[in-house]
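Trainee: Hi! I'm new to this one, could you walk me through it?
Mentor: Happy to, let's have a look together.

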Amino acid sequence: MPELPEVETTLRGVSPYLVGHVVREVIVRDKRLRWPVPDSIHELEGQRITAGTRRGKYMLFECSKGTLLLHLGMSGSLRVADPETPWRKHDHVALTTDRGKQIRLHDPRRFGAVLFIEGDAQTHPLLCDLGPEPLSADFTSAYLHGKCGQRSAPIKAVIMDSHVIVGVGNIYACEALFMAGIHPDMAASKVSKPRLGKLVKAIREVLAASIEMGGTTLRDFVNEKGEPGYFKQTLRVYGREGEPCLTCGAKVKRSVMSNRSTFYCPRCQK
């Protein structure tokens, strides 16, 4: 699944082709996404996109009539194409702008979303209960310590909870916990405030580095130009089961938590 850095990279890539430009046409080739693409999406036609932002893994493009909400789902991607470019099988929705370009959503599994929100987008049910952005000033060790409280859930599960903090997906949770030296199975309430401070710093660092490098290469993710990201080459534990830890040499272990693979160093992470 595209995670926060992939979504941020995509947002930065497509924004110059949307923000400040007028949507001339909305083309819906298949409305059967995670939620059906609403007919109101055509309200975008004739509208100038005034801003492009991200909230968690949602991309938001604003105009005077409302907000276009995009989510890449499990395997979606956005590409900038010329209108005459042949459509691919899983190109489901496209926006044609006054720049003469199309922004196309390609989504083989159709778990993505294309919605139109009237009024304040932040009050929409998909957005209103989300936790703070991990790179924002609101995400602090004091905040995370308060959220961990008496929770017996593993610390990895807590930082992946979008109601606690948005955008910390499986790959980056594993990497941040390794950087902070915290075992992913440790009960959240048992992690001290100083160690949570290290975790907050690690989450910020790993996400910022991934955004800078263009995301993580997964089997489906490509950026807006169709090129894979390349943060994967810097991963320290994720996907490295049985390989030596880059810090201490112990073999990286893998476990399963909430049906997701968890990678960690048994010596460095306590």
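**Cysteines, sheet and helices**

Mentor: Let's start with the cysteines: the structure, which is a predicted model, holds 0 disulfides.

Trainee: Okay, so how far is Cys245 from the nearest cysteine sulfur?
Mentor: The nearest one belongs to Cys265 and is 3.7 Å away, and Cys245 is in no disulfide. A disulfide needs the two sulfur atoms within 2.5 Å.

Trainee: And is Cys245 buried or exposed?
Mentor: Cys245 counts as buried, because its relative accessibility is 5%.

Trainee: What about Cys268, which cysteine sulfur is closest to that one?
Mentor: That is the sulfur of Cys265, 3.7 Å from the sulfur of Cys268, which is too far for a bond. Cys268 has a relative accessible area of 23%, so this residue is partly exposed.

Trainee: New topic: the sheet. In what order do the strands come?
Mentor: The order is β2-β3-β4-β8, in an open sheet of 4 strands with antiparallel pairing.

Trainee: Which strands stand at the edges?
Mentor: Those are β2 (51-55) and β8 (113-117). Each has a single partner strand, so one side of each has no neighbour in the sheet. From one strand to the next, the twist averages 20°.

Trainee: Does anything pack on the sheet, I mean, which helix should I look for?
Mentor: Look for helix α1, residues 4-18, which packs on the sheet and touches β2 and β3 (58-63). The direction of α1 makes about 25° with that of β3.

Trainee: How many bridges join β3 to β4?
Mentor: There are 6, and the two strands run antiparallel. Met59 stands opposite Leu70 in β4. A hairpin through 2 residues connects β3 with β4.

Trainee: And on to β8, how many bridges join β4 to that strand?
Mentor: There are 5 between β4 (residues 66-71) and β8, and again the strands run antiparallel. If you want pairs to find on screen, Thr67 has Ile117 of β8 as its bridge partner, while His71 has Ala113 in β8.

Trainee: Why is β4 described as largely enclosed by the rest of the structure?
Mentor: Because 6 of the 6 residues of β4 are buried.

Trainee: Let's switch to helices. How many residues of α4 are buried?
Mentor: In α4 (residues 170-180), 10 of the 11 residues are buried, so this helix is largely enclosed by the rest of the structure. Among them are Ile171, Tyr172, Leu177 and Phe178.

Trainee: What do those buried residues pack against?
Mentor: They pack against α1, α3 (155-159), α5 (193-213) and β10 (260-264). So you meet α1 again here, the helix that packs on the sheet.

Trainee: Which residue follows α4?
Mentor: Gly181 does, and its phi is positive, near 70°.

Trainee: Now rings! How many aromatic pairs does the structure hold?
Mentor: There is 1 aromatic pair. Tyr238 and Phe263 make an edge-to-face pair, 5.0 Å centre to centre and with 70° between the planes. Tyr238 lies in the loop between α5 and β9 (253-257), and Phe263 in strand β10, so the pair ties together parts 25 residues apart in sequence.

Trainee: Is Phe263 buried or exposed?
Mentor: Phe263 counts as buried, at 8% relative accessibility, whereas Tyr238 counts as partly exposed, at 24%.

Trainee: Last one: what lies over the face of Trp87?
Mentor: That would be Arg104, at 4.0 Å from the ring centre.

Key: Residues numbered from 1 in each chain as written. Predicted model: local features only at pLDDT ≥ 70, side-chain atom pairs only at ≥ 80, totals over all residues. Heavy atoms only, no water. Pairing = 2+ DSSP bridges. Axes fitted to C-alpha atoms, helices over the stretch in contact; angles between N-to-C directions. Contact = heavy atoms within 4.5 Å. Buried < 20%, exposed > 50% of the residue type's maximum accessible area, 1.4 Å probe, protein only. Phe/Tyr/Trp six-rings, centres within 6.5 Å; stacked < 30°, edge-to-face > 60°. Lys NZ or Arg CZ within 6 Å of the ring centre and 35° of its normal.
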